[in-house]
Each structure stands twice: as C-alpha cells, then as structure tokens.
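The following note sets out numbered remarks on the structure shown below. They are offered for discussion alongside the coordinates.

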Amino acid sequence: METKDTPLDFYNLTFGFYQTKDMFVSDYKEGKWDEGKLVPLGDISLSPAACVLNYGQGIFEGLKALKTKKGDIVLFRPEENGKRLNQSAKRLLMPPYNVDRFVENVKKVVKANEFFVPPYDSGGSLYIRPLMMGSGAMLGIAPATEFKLVIFTSPVGAYFPGGFKGIDIEISKKYTRASAGGTGFSKMAGNYAGTMMPAKEAKERGFSQILFLDSVKMEYVSEVGAANFCAIVNQTLITPKFDGTILEGITLKSVLTLAQKKLGLKVEQRDISYKELFEDSCTEAFCTGTAAVITPFNSVHYDGMTKIFNNKIPGKYTTKLYEYLTRIQRLDLKDEFGWITKV
Ligand code: PLP
Ligand code: COI
C-alpha cells in the first residue's frame, strides 16, 4: 500500500503514504520566501547540521481535498490551516508564510495531483501535508536562518480502521502529551514523536488510542492522540478549554458551531475531570480532527474502570454532528458557514 508500485485502490485506502505526482517547495533565504515551485514528489536534501534534524525545528499542517457528488474538488477551511501554520511558526521562531499564498499553493498541489483525489463514493480524500522546517545548517541551539516549506499529498482512507464505528480508549496517567508553557498548541513535529510510545503500549493492551490528561494534576482531559476531545453531558457538549497545551482543532471549532447552530446544544469549554466520563450523565464521547473526522468512543478505560457508551453504537448527537460535518465538507449540504473553497 505504501509504495508507488502498488496499484491504487481508492475503495480500500488506509491512512498511509502513497506516492503522488508533484509537491510544492519554497525556500526562505536572506529574509524572504522565494516564489516556490511544483517539482516531482521525491527526496529533499538537507545538511546534517540542519536545525530541524538536530533540534527539531519543524512544524506541519494537515488538511484534505474532497470530491463532491458533482465531481468538483473542494478544501475545508484551508485558510485556518494557513493561520495555524503561522501560530506554530511563531512559537518556534520560524518566519510566517502569507496565508493567501498558502491557500493558492495548496490548490496548485491538489490540481497537479488531481488524479489521486479519491472518488466521492469511496469516502476517501487527498490528504495534504504542509511542512515547514529549519533547513539552515548550524550547531549552537538557535533558530535556523534558512527554512523550507514543502506541501505534499497522499490519498487516504479512515484514520482509525473502522472509521465511524468507534474506538476503545485508554486514559493515561503514565504519559502526558504537553505541559503548561510548552508547545502543545503548536503543530510541532516533536509533539508527535513523544506520543508514539504511549500509543504503541496502549495498542498492545488492545486500545485504539490514549486519552491524555493535563500534566499538572493528571486529572483533566487534554487530547486524544492527534485529535480533540468532546463529550455530551446533560445535553451539553463539553470540550477542554484552550490553555496553550491543546491544539486548536479546525474540526473541533466547526463541530462547536454545528452543535450550537444546527443541534441547539449548549457548548462549554472547561476543565473536564476524567472521572466525569465514568458518570451516568456523560452519555457520549468522541474525538475530532482532519484525519479522525468525528470518531465516536465505544469505551473508555482507566485502571480497571470501564465505561461502555451506548452499547458501542455511536450516540445520537455524535451521529448528527458527523452527518452535518461530512455532508457540508462534500457539499451535500449548503455551505452556510462559508467553510468550503473550490480548487
Ligand atoms: N489535536 C492534535 C494534537 C492534532 O494533531 C490534530 C490534528 O491536526 C487535532 C487535534 C485536530 O485538529 P484539526 O481538526 O485542525 O485537524
Ligand atoms: C490531522 O488530523 O491532520 C493530523 O495532523 C493528525 C495526524 C495524522 C498527525
């Protein structure tokens, strides 16, 4: 599945890398970004002293191009990814990239790889991965002076095998993902390296992912691997507040809008003790993300405690939110919030 020699079956895609045609590359030198250009997707060369290789000065984004029923190719809120790239860049002392140019270049890459956008009825999408890295050579711990922006794509299916069928989650008090004053809010590559071992261990115990808690009290829910957390408690949608340790998800923000405007739910961003998930008042829980879309929790587990949600059938609010979100994303419903950009 992961090499260019394997035949491409749009109807059985996983969330893996598949070689597509072109990528976009732009270089930042002497204080400015060059025009950038499309080149065949392939290796990039870096000095062994590149800042990204030595000290992890690297950030990324993730968004999707989707086929509509009419055959158009559309993007979901790409300008929000451009803005978030710049928030991450600021935290790591990297130069900003103009948001309009970001969207234009994302469109260019998608057009060049149009063949790889999975058909409407496959449920798949063309995942777009923008990367920014400190490419300049240096040795002391200091930001690079040269940077590279790369945008590549890969056709993907569901992030969690089974997709909307749901996942079993383990709560971790052994590991945390982010801490106060750190880089949790940014999409820094190193944030993800640290979650690989916790995820591996949880999978070995039969769980799909870890629900991380805050790093101070090990009490409040933070994030689910690479997705944001939501729960329904007494007809209210609750999600952790953005305290600098949580990535401000574009899917999450869209879900909060849909919950309020389409479902009439109250929304609260507040501290959520993991213990609340085990109470009867918590009737649904799910995670949100570009890759995860909306994935329901079938169960949560902590130290011998188990909560099974709704007999492992996705709850009614989770299902409605999933339908609104995915239908708007493919323009099966009117784009009433102005979220869709045609390629
Ligand atoms: N949280 C983390 C740590 C992520 O990596 C992601 C994925 O991008 C999300 C949340 C969800 O963000 P978005 O909905 O913008 O994809
Ligand atoms: C996304 O949802 O786009 C992500 O970046 C999550 C993950 C694949 C790292």
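1. In this predicted model, Ile59 merits attention for its contacts with residues more than four places away in sequence: Leu85, Ser88, Ala89, Leu92, Met94, Pro130, Leu131, Met132, Lys187, Met188 and Ala189. Ile59 is also listed, together with Val106, Val110, Ile128 and Met132, among the residues that touch the most other members of the largest nonpolar core, which holds 31 residues. Met132 thus appears both as a contact of Ile59 and in that list of core residues.

2. The elements giving two or more residues to this core are strand 1 (22-29), strand 5 (63-67), strand 6 (73-76), helix 2 (78-91), helix 3 (99-112), strand 7 (125-134) and strand 8 (147-156). Helix 3 supplies the largest share, with 5 residues. Another core lies apart from this one; it has 25 residues, including Val233, Ile238, Tyr302 and Phe309.

3. Two residues in elements that contribute to the largest core deserve separate comment. Asn86 belongs to helix 2. Asn86 counts as buried because its relative accessibility is 17%, and the cut-off for that class is under 20%. Beyond its neighbours within four places in sequence, Asn86 is in contact with Pro96, Tyr97 and Val99.

4. Ser154, for its part, is located in strand 8. With a relative accessible area of 5%, Ser154 is buried. Its side chain reaches the backbone oxygen of Gly16 at 3.0 Å. Gly16 is likewise one of the contacts of Ser154 outside the four-place window, along with Phe17, Tyr18, Thr20, Ser125, Leu126 and Tyr127.

5. Which residues are closest to ligand 1? They are Arg84, Tyr192, Glu223, Thr251 and Thr290, within a surrounding set of 16 residues. By class, this shell divides into 5 nonpolar, 7 polar and 4 charged residues. Strand 12 (227-233), helix 6 (250-261) and strand 15 (282-289) each provide at least two of its residues.

6. The polar contacts of ligand 1 involve both side chains and backbone. An N or O atom in the side chain of Arg84 is 2.7 Å from an oxygen atom of the ligand, and one in the side chain of Glu223 is 2.4 Å from a nitrogen atom of ligand 1. A polar backbone atom of Ile250 lies 2.8 Å from an oxygen atom of ligand 1. The protein buries 97% of the 380 Å² that ligand 1 exposes when taken alone.

7. Ligand 2 has around it Phe15, Phe60, Gly62, Tyr127, Arg129, Tyr159, Lys187, Ala226, Thr290 and Ala291. This shell comprises 6 nonpolar, 2 polar and 2 charged residues. Thr290 appears here and also among the residues closest to ligand 1. Lys187, another member of the shell around ligand 2, is in contact with Ile59, while Tyr127 is in contact with Ser154.

8. Oxygen atoms of ligand 2 take part in several polar contacts. One such atom is 2.5 Å from an N or O atom in the side chain of Tyr127. A polar side-chain atom of Lys187 is placed 2.7 Å from an oxygen atom of the ligand, and a polar backbone atom of Thr290 is 3.5 Å from an oxygen atom of ligand 2. Of the 280 Å² of accessible area that ligand 2 has on its own, the protein covers 90%.

9. Tyr55 is part of helix 1 (residues 51-55). Is Tyr55 buried or partly exposed? Its relative accessibility of 39% places Tyr55 in the partly exposed class, because that class lies between 20% and 50%. The contacts of Tyr55 outside its neighbours within four places in sequence are Met138, Leu139, Gly140 and Ile141. The C-alpha atoms of Tyr55 and Ala144 are separated by 10.0 Å, with the two residues 89 residues apart along the chain.

10. Two backbone conformations should be checked against the model. Met218, which is not a glycine, has a positive phi of about 50°; Met218 sits in the loop between strand 10 (209-213) and strand 11 (221-224). Asn311, also a residue other than glycine, has a positive phi near 55°. Asn311 is in the loop between strand 17 (305-308) and helix 7 (316-329), and at 70% relative accessibility Asn311 counts as exposed.

Methods. Residues are numbered from 1 along each chain as its sequence is written. Chains are lettered from A and ligands numbered from 1 in the order in which they are written. This is a predicted model: local features need pLDDT of at least 70, side-chain atom pairs count only at pLDDT 80 or more; totals for chains, interfaces and linings use all residues. Side-chain values use heavy atoms; hydrogens and water are left out. A residue is near a molecule or strand if one of its heavy atoms lies within 4 Å of it. A polar contact is a pair of N or O atoms within 3.5 Å; within protein, one must be able to donate a hydrogen and the other to accept it, and residues adjacent in sequence count only if both atoms are side-chain atoms. Accessible areas come from the Shrake-Rupley method with a 1.4 Å probe; for residues, only the protein chains shown count as cover. Helices (H or I, at least four residues) and strands (E, at least two) are DSSP runs, numbered from the N terminus. Ala, Val, Leu, Ile, Met, Phe, Trp, Tyr, Cys and Pro count as nonpolar, Asp, Glu, Lys and Arg as charged, and the others, Gly among them, as polar. A nonpolar core is a set of buried Ala, Val, Leu, Ile, Met, Phe, Trp, Tyr and Cys residues joined through side-chain atoms within 4.5 Å. Buried means under 20% relative accessible area, exposed over 50%, partly exposed in between (1.4 Å probe, protein chains only). Contact means heavy atoms within 4.5 Å.
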